[in-house]
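Student: I'd like to go through this protein model with you, one question at a time. Can we start by looking at it together?

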Amino acid sequence: MIELFYVEDDPQIADTVKGYLEQKGIRVRICSTLEQARKTLETQIPSLVLLDWNMPDGAGDALCRWIRNRWKELPVIFLTVRGDTQDIVDGFQAGADDYVVKPFELEVLYSRIQALLRRSGNKEETYLSCNGIVMDRKRQVVTCHSEEVALSPSEYQLLLYLMQHKGRTVTREQILEQVWDLNGNYVNNNTLTVTVKRLRDKLHHPACLKTVRSVGYRMEDLI
């Protein structure tokens, strides 16, 4: 499912947009401050960000630059009352992919979201995230609460497999087959145990990486 973060402090506008887009099958998460948006983005990467300019704790262009410095390809659309030519230019210079001026038609907004997602590709495949752990598959970079973590090839492949199956329990046998055996490297259960321990150590023992006793492991978002 497409998931969208909407950074908007007006609850009436936020609820209207959320209700309409969710009828179209897009899951919407509202952030009413820039700080809330930053904290949310540090734990989970959406398909797209809708961003208002005038927020109670600052200007939206600062958040747009913050996003662009971390996730080069995460789509961002400004949705704001500021419609002067210079505002629009500043929005694009801050890194936005599109700019929609209020008032707007919901149907037009939805169409522009769809068009941008078609152009930008599937960001769910590029960015995988779980409670502060983010994988950038294109750059093969892993961060934990915005700090880059150096992983060995086997640790990276293990985390990737767990992230790709987030929310599901994967057995030790499945991991051994998919992470090691497909690459022609036979290993035993002890190798997996050691690799999981090293991965946990490097990620500061994340609560979202769970051991399912006598079965395997599961990555899951924690509320």
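What follows is a set of short questions and answers about this model.

Tutor: Two things first: this is a predicted model, where local features need pLDDT of at least 70, side-chain atom pairs count only at pLDDT 80 or more, and totals for chains, interfaces and linings use all residues. Residues are numbered from 1 along each chain as its sequence is written, and side-chain values use heavy atoms, with hydrogens and water left out.

Student: Let's begin with strands. How many bridges join β1 to β2?

Tutor: Strands here are DSSP runs (E, at least two residues; helices are H or I, at least four), numbered from the N terminus. Two strands pair if DSSP finds at least two bridges between them. Strand β1 covers residues 3-7 and β2 covers residues 27-31; they run parallel, and Val-7 stands opposite Cys-31. The number of bridges joining β1 to β2 is five.

Student: Which hand does the crossover from β1 to β2 have?

Tutor: The chain gets from β1 to β2 by way of helix α1, residues 11-23. A crossover counts as right-handed if, with the strands pointing away from the viewer, the path from the first strand over the helix to the second runs clockwise. For this β-α-β crossover, the answer is right-handed.

Student: How many residues of β6 are buried?

Tutor: Buried means under 20% relative accessible area, exposed means over 50%, and partly exposed is in between (1.4 Å probe, protein chains only). Val-76, Phe-78 and Thr-80 sit on one side of β6, Ile-77 and Leu-79 on the other, and all are buried. So β6 (residues 76-80) is largely enclosed by the rest of the structure, and the count is five of the five.

Student: In β7, what is the bridge partner of Ile-77?

Tutor: β6 pairs with β3 in the parallel sense over three bridges, with Leu-51 facing Phe-78 as its bridge partner. β6 is also joined to β7 by four bridges, again running parallel. In β7, the bridge partner of Ile-77 is Asp-98.

Student: Which helix does the chain pass through between β6 and β7?

Tutor: Going from β6 to β7, the chain makes a β-α-β crossover, and it is right-handed. The helix on that path, residues 85-93, is α4.

Student: On to charges. How far apart in sequence are the parts tied together by Lys-102 and Glu-8?

Tutor: Side chains of opposite charge can pair when their charged atoms come close. A salt bridge is a side-chain nitrogen of Lys or Arg within 4 Å of a carboxyl oxygen of Asp or Glu, and Lys-102 and Glu-8 meet in one at 2.7 Å, N to O. Lys-102 lies in the loop between β7 (98-101) and α5 (106-120), and Glu-8 in the loop between β1 and α1, so the parts they tie together are apart in sequence by 94 residues.

Student: Is Asp-52, another salt-bridge partner of Lys-102, buried or exposed?

Tutor: Asp-52 meets Lys-102 in a salt bridge at 3.6 Å, N to O. That pair links distant parts of the chain, 50 residues apart, with Asp-52 in the loop between β3 (48-51) and β4 (54-55). Lys-102 has a relative accessible area of 15% and is buried. With a relative accessible area of 5%, Asp-52 is buried.

Student: How many salt bridges does a search of the whole structure find?

Tutor: One of them joins Asp-87 and Arg-82, with the closest N and O atoms 3.0 Å apart. In that pair Asp-87 counts as buried at 11% relative accessibility, while Arg-82 counts as partly exposed at 26%. Salt bridges that share partners also join Glu-8, Asp-52 and Lys-102 into one network. The search of the whole structure finds 16.

Student: Which residue has a positive phi in the turn between β10 and β11?

Tutor: β10 pairs with β9 in the antiparallel sense over four bridges, and with β11 (residues 147-149) in the antiparallel sense over three bridges. Cys-144 stands opposite Glu-147 in β11. The β10 and β11 hairpin has two residues between the strands, and the one with a positive phi of about 50 degrees is His-145.
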